[in-house]
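Work through the following exercises with the model open beside the text, and try each task before reading the solution below it.

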Amino acid sequence: MAQSTSTDTQETVEHTDWVSRYADDVIAESERRAPGKPVVVASGLSPSGPIHLGNLREVMTPHLVADEIRRRGHSVRHLISWDDYDRYRKVPNGVPGTDASWAEHIGKPLTSVPAPAGSAYPNWAEHFKAAMVAALADLGVEFDGISQTAQYTSGTYREQILHAMKHRGDIDAILDQYRTKKDTGKKPQQKNQKPVDEAELEAAEGSGAADEDDGSSGAGYYPYKPFCGECGKDLTTVTSYDDDTTELSYTCTLDGFTETVLLSEFNRGKLVWKVDWPMRWAYEGVIFEPSGVDHSSPGSSFQVGGQIVDRIFGGKQPIGPMYAFVGISGMAKMSSSKGGVPTPGDALQIMEPQILRWLYARRRPNQSFKIAFDQEIQRLYDEWDKLSGKVADGSALPADAAAHTRAVGVAGRELPRTPRPLPYRTLASVADVTAGDTEQTLRILSELDPENPVTDLVTVRPRLDKAETWITKYVPAESRTIVRTEPDTEALAALDEASRASIRLLLDGLDSHWSLDGLTHLVYGVPKVQAGFPADATPKELPAEIKGAQRTFFALLYDLLVGRDTGPRLPTLLLAVGADRVRKLLSA
């Protein structure tokens with residue numbers, strides 16, 4: 001990849017993309033707050049079910065900023081807090097190995113819920129965490145993982161918990177400012193962001209704790225919620241607390257169990273979310289952490305947290321941009337509570353890590369975008385390959401070049417890439433026709449460019465594997481290409497003389513045009529020659545009717561070869577079928 005050595009060019013690039021601008025702000029803020037210490041950015045993920053591509057924005061936004069900071073020579077930590085001590089709220093739909101019986105665990109910490117049947121992991125949280133960890137490794141995301149179960153049950157936050165309980169009145173007063181405000185139902189909008197509906201709010205949810213209660217009860221305000229010593233659930237109400245002795249009493253509203261403990265020794269509970277999050281900002285010294293729209297509305301956890309971290313824990317709120325909805329082509333919305341929601345692992349089965357990184361890098365956090373699991377993935381790859389060419393020859397715009405750089409690697413290394421990246425749509429067409437037959441695939445790919453033939457499929461992997469998976473998993477059966485085994489003699493016999501002449505021109509030129517470029521020239525040239533023009537005549541030299549004649553000719557070939565009026569690009573299809581078989585199927 002060609003890179004400019006001009007200082008001016010580098011400075012232009014650094015200040016034309018959103019990642020660099022946030023990196024500037026974060027470095028400056030870190031130097032003000034904690035000079036000489038590593039810059040801390042953070043993400044929070046709740047492994048309450050499949051961690052989907054909307055949640056990935058919670059990680060990729062700080063990752064890209066952290067990586068830019070690291071590229072500039074600064075020490076940086078990217079924390080991922082696994083909110084595995086969150087309550088289990090509901091049984092997600094469509095999770096293999098689960099049924100309605102998992103509902104009996106609602107209210108327990110996620111790490112106390114059994115993993116789906118057949119899982120290799122010890123509990124629900126670890127099961128869903130593992131898939132995300134694997135995907136992040138493929139994406140080149142470096143992070144320090146923090147289990148909130150481990151933090152709370154080991155007593156790590158004991159001092160912060162006791163402090164919050166001592167200042168519960170102050171916390172209650174802060175929260176009360178928002179409890180008394182009428183909820184208008186309106187969500188904050190940022191520049192260039194489309195209005196979001198409730199479905200998108202659910203889809204963008206980053207943590208299962210977003211809608212938890214704030215600690216209010218008829219017995220008073222307590223920002224700490226114990227898990228019941230009998231049933232293990234958080235359906236508890238604190239009934240009293242003594243600041244001097246730290247004696248806390250609670251009652252379980254589910255089974256009536258009561259217990260009195262010393263909070264200075266007790267580790268089976270956690271701060272309510274709107275106190276827990278700002279406590280962690282102060283504890284970890286977080287400088288940058290984005291949040292989804294569910295956390296960013298008026299009176300929500302991010303806004304309230306800014307006051308709590310400052311007035312209660314003596315810390316400062318992070319720089320925290322709101323990130324917008326991530327959708328899927330062909331799906332109305334994305335929510336981890338619904339079955340079949342694509343995860344980062346699903347996306348990485350059909351696209352290389354560089355492409356997935358690019359999708360998140362090229363859009364500002366407040367811009368929504370879609371990830372293609374349908375035919376759009378072919379256009380997406382075309383766009384990527386075109387950008388790669390522009391970056392290589394130095395013609396890419398600075399912001400586009402910066403996004404490309406962030407996609408292909410991280411500070412200090414590039415991600416593994418396909419040595420010979422053939423067009424994705426070509427590989428998909430070949431995979432479609434060959435049904436994964438490696439011998440046939442190699443034959444076809446070796447004939448694409450006879451002067452530079454593919455001699456080993458290793459050189460076109462993993463892109464070939466991604467295209468094959470897309471064809472087999474996401475292209476509907478009715479859209480798959482099945483080449484005829486025998487000629488359609490009835491259709492051939494019914495052809496008019498003009499159609500017969502067009503087929504003869506094609507067959508006569510097969511051998512001399514047997515390459516991808518050659519066949520492209522041939523199939524587009526036949527209608528031109530029939531109309532009395534040279535085969536290499538440009539569109540400007542041709543009447544408009546030629547396009548219609550080409551479409552008619554293409555439809556004829558598709559019908560005779562695959563029994564439909566559309567299919568893979570004809571040059572690729574002809575190569576896939578092979579010259580001898582083409583002659584057999586097109587000869588009367």
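Two strands are taken to pair if DSSP finds at least two bridges between them. The model used throughout is a predicted one.

**Exercise 1. In which sense do β1 and β2 pair, and over how many bridges?**

Step one is to apply the criterion to the two strands: β1 and β2 are joined by seven bridges, and the pairing is parallel. Step two is to pick out one bridge, for which Val40 serves, with Arg77 as its partner in β2.

Step three concerns the side chains. In a regular strand the side chains alternate between the two faces of the sheet. In β1, Val39, Val41, Ser43 and Leu45 point one way, while Val40, Ala42 and Gly44 point the other way, and all are buried. Strand β1, residues 39-45, is accordingly described as mostly covered, with seven of its seven residues buried.

**Exercise 2. In what order do the three strands of the open sheet that contains β8 lie, and which of them stand at the edges?**

The order is β7-β8-β9, with antiparallel pairing. From this order it follows that β7 (236-241) and β9 (258-262) are the edge strands, because each has a single partner strand and so one side of each is left without a neighbour in the sheet. On average, and with direction ignored, neighbouring strands here are turned by 25° against each other.

The last step looks at one pairing in detail: β8, residues 247-252, runs antiparallel to β9 and is joined to it by five bridges. Among the residues concerned, Tyr250 has Glu259 of β9 as its bridge partner.

**Exercise 3. What span should helix α3 have at 1.5 Å a residue, and how far apart are its end C-alpha atoms?**

Helix α3 covers residues 56-71, and its 16 residues should span 22 Å, since the expected span is 1.5 Å times one less than the number of residues. The end C-alpha atoms are 22 Å apart, which agrees with the expectation. Turning to burial, 14 of the 16 residues of α3 are buried, so the helix is largely enclosed by the rest of the structure. After α3 comes Gly73, with a positive phi near 95°.

The treatment can be repeated for α9, residues 273-284, whose twelve residues reach 16 Å from first to last C-alpha, close to the expected 16 Å. Ten of these twelve residues are buried, and therefore α9 is also largely enclosed by the rest of the structure. The buried residues of α9 include Trp273, Trp277 and Trp281. Just after α9, Gly285 has a positive phi of about 70°.

**Exercise 4. What kind of aromatic pair do Tyr88 and Trp124 form?**

A pair of aromatic rings is described by the distance of the centres and the angle of the planes. Centres within 6.5 Å are required for a pair, and planes over 60 degrees apart count as edge-to-face; the protein has 21 aromatic pairs by this rule. For Tyr88 and Trp124 the centres are 5.1 Å apart and the planes stand at 65°, so the pair is edge-to-face.

The next step is to place the two residues. Tyr88 lies in the loop between β2 (76-82) and α4 (124-138), whereas Trp124 belongs to helix α4, so the pair ties together parts that are 36 residues apart in sequence. Both Tyr88 and Trp124 are buried. Elsewhere in the list of aromatic residues, Tyr85, Tyr152, Tyr157, Phe227 and Tyr283 form one aromatic cluster.

Definitions and conventions:
Residues are numbered from 1 along each chain as its sequence is written. This is a predicted model: local features need pLDDT of at least 70, side-chain atom pairs count only at pLDDT 80 or more; totals for chains, interfaces and linings use all residues. Side-chain values use heavy atoms; hydrogens and water are left out. Helices (H or I, at least four residues) and strands (E, at least two) are DSSP runs, numbered from the N terminus. Axes are lines fitted to C-alpha atoms, for helices over the stretch in contact, and angles run from 0 to 180 degrees between N-to-C directions. Buried means under 20% relative accessible area, exposed over 50%, partly exposed in between (1.4 Å probe, protein chains only). Rings of Phe, Tyr and Trp (its six-membered ring) pair if their centres lie within 6.5 Å; planes under 30 degrees apart count as stacked, over 60 as edge-to-face and the rest as tilted.
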